[in-house]
Amino acid sequence: MMGQESSTLSRDDSFLDAGIIDSTGVLELIVFLEDAFGIQVEDEEMVPSNLDSIANLIPFIRSKQAPAAV
Amino acid sequence: MPGLSPESLKIDCVEATGRITAFIRAAVIERFHKRGVVVGVSGGVDSSVCTALCARALGADRVLALFTPEGESGSETLRLSRLAAASQDVEGVLEDITPILEAAGCYRRRDEAIRAAIPEYGAGWRCKIVLPSVIDDDRYRIFSLVAMSPDGRSVKKRLPPDSYLGVVAASNFKQRTRKMVEYYHADRLNYAVAGTPNRLEYDQGFFVKGGDGLADVKPIAHLYKTQVYALADYLGIPDEIRSRPPTTDTYSLPQGQDEFFFSLPYDKMDLCLYALDHQYPAEETATALGLGPEQIERVYRDIRSKRKAARYLHAAPLLLEE
């Protein structure tokens, strides 16, 4: 994360487009998600539609935490 | 606007050589009042072309080709570097930088950073950093480390941020040590230092700040790699150097530039950069390159994103009062 004021970020802002994070920041975000939510982010899940905004992150984290369908 | 094709990058080599050699003379002699130029020669086409251009601009006796291999350099690096210098009648000096790198802890620090992710990594192992392809899907380009054990077992692991940054920081000792040695010889001879990036590398930030990014004059930073190859042919760079695929020669496993940094092989990357800068729509670029428009859009995004990251690399030190 690059020291931006969190108050300027809205739910749908793209982290990359807004310059909030860079490619190393994405790596930090993934490690944070794995540690904080006890999930494992697979290579194919490292896409903007899962990780590039708060609005994208919330359903992604929920889907990872949900018990696998039987 | 003319249609996009490899012809878009065609240059008049006679005119280009005249323009660049005049620029080198003006920069080195008139602007900086230096007697000649040091060029770090890697055996690749960019540094070979720079050596040839400097020799034409200033005279071969005012160019020093510096060979700075280290313990993990490719087996052909030194021979091809000597070949490049000899083809232009330029004197070469060998400086094996391995002892400096060992003393600075380059290899030790890098291996410690790797062991945070691959605990068994140790003596006899080799490694490189790789990125997923840009054109295949929307995945972020997250670096992975590929390590090979002495018995040939290959391990690929995504590195945690601290480990990744540690590997890059330690590896950057190589480029920064080379530059330190280049400036030693430049100071000793009252020469300037020539940097050898091509346009792709310069534009996209494929260099180490204070390392290969540091120089007094960068004679081919405006040329696409395709154009550098055209000049190499015109300037008589040996075929063996011209036909060698571009490599980083930084990691101990062989590593192509397009698996580490660029999204496509250089000829396609050149055309994408040209197309983006000349506002060609993705559909037209896709047709010219035989790729899909969505793939070109991904490459365009990757180029813009690297440009953004390169701003820091290009930035001069900030002063409170300009």
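**Exercise 1. Which helix of chain B is Pro293(B) found in, and how exposed is Pro293(B)?**

Before starting, some ground rules: this is a predicted model, where local features need pLDDT of at least 70, side-chain atom pairs count only at pLDDT 80 or more, and totals for chains, interfaces and linings use all residues. Residues are numbered from 1 along each chain as its sequence is written, with chains lettered from A and ligands numbered from 1 in the order in which they are written.

*Solution.*
- Step 1: look up the element. Pro293(B) sits in helix 13 (residues 293–314) of chain B. Helices (H or I, at least four residues) and strands (E, at least two) are DSSP runs, numbered from the N terminus.
- Step 2: count neighbours. A residue is buried if 20 or more other C-beta atoms lie within 10 Å of its own, exposed if 12 or fewer, and partly exposed in between, with C-beta atoms placed from the backbone. Pro293(B) has 14 other C-beta atoms within 10 Å, so Pro293(B) is partly exposed.
- Step 3: list the contacts (C-beta atoms, placed from the backbone, within 7 Å). Not counting residues up to four places away in sequence, Pro293(B) touches Ala282(B), Glu283(B) and Ala286(B).
- Step 4: check one distance. Glu283(B) is ten residues from Pro293(B) in sequence, with the two C-alpha atoms 4.9 Å apart.

**Exercise 2. Work out the strand order of the open sheet in chain B, then place helix 2 of chain B.**

*Solution.*
- Step 1: pair the strands (DSSP must find at least two bridges between two strands). The four strands come in the order 3-2-1-7, with parallel pairing.
- Step 2: find the edges. Strand 3 (91–94) and strand 7 (192–194) of chain B each pair on one side only. From one strand to the next, the twist averages 30°.
- Step 3: zoom in on one pair. Strand 1 (residues 37–40) and strand 7 of chain B run parallel and are joined by three bridges; here Val37(B) stands opposite Ala192(B).
- Step 4: add the helix. Helix 2 (residues 45–58) of chain B lies across strand 1, strand 2 (63–67) and strand 7 of chain B, at about 165° to strand 1 of chain B. Axes are lines fitted to C-alpha atoms, for helices over the stretch in contact, and angles run from 0 to 180 degrees between N-to-C directions.

**Exercise 3. Describe how helix 1 of chain B meets helix 8 of chain B.**

*Solution.*
- Step 1: get the geometry. The axes of helix 1 (residues 13–31) and helix 8 (residues 225–234) of chain B come within 10 Å and cross at roughly 95°.
- Step 2: name the arrangement. That crossing makes helix 1 of chain B roughly perpendicular to helix 8 of chain B (the range is 65 to 115 degrees).
- Step 3: name the residues. Helix 1 of chain B brings Cys13(B), Ala16(B) and Thr17(B), while helix 8 of chain B brings Ala230(B), Leu231(B) and Tyr234(B).

**Exercise 4. Which residues touch the most other members of the largest nonpolar core?**

*Solution.*
- Step 1: define the set. A nonpolar core is a set of buried Ala, Val, Leu, Ile, Met, Phe, Trp, Tyr and Cys residues joined through C-beta atoms within 7 Å.
- Step 2: rank the members. Of 60 residues, Val37(B), Val39(B), Val49(B), Cys54(B) and Ala194(B) touch the most other members. Helix 2 of chain B gives the most to this core, with nine residues.
- Step 3: look beyond the first core. A second, separate one of 25 residues includes Leu29(A), Ile30(A), Ala113(B) and Tyr251(B).

Notes. Two residues are in contact if their C-beta atoms, placed from the backbone, lie within 7 Å. Angles under 35 degrees count as roughly parallel, over 145 as roughly antiparallel, 65 to 115 as roughly perpendicular and the rest as oblique.
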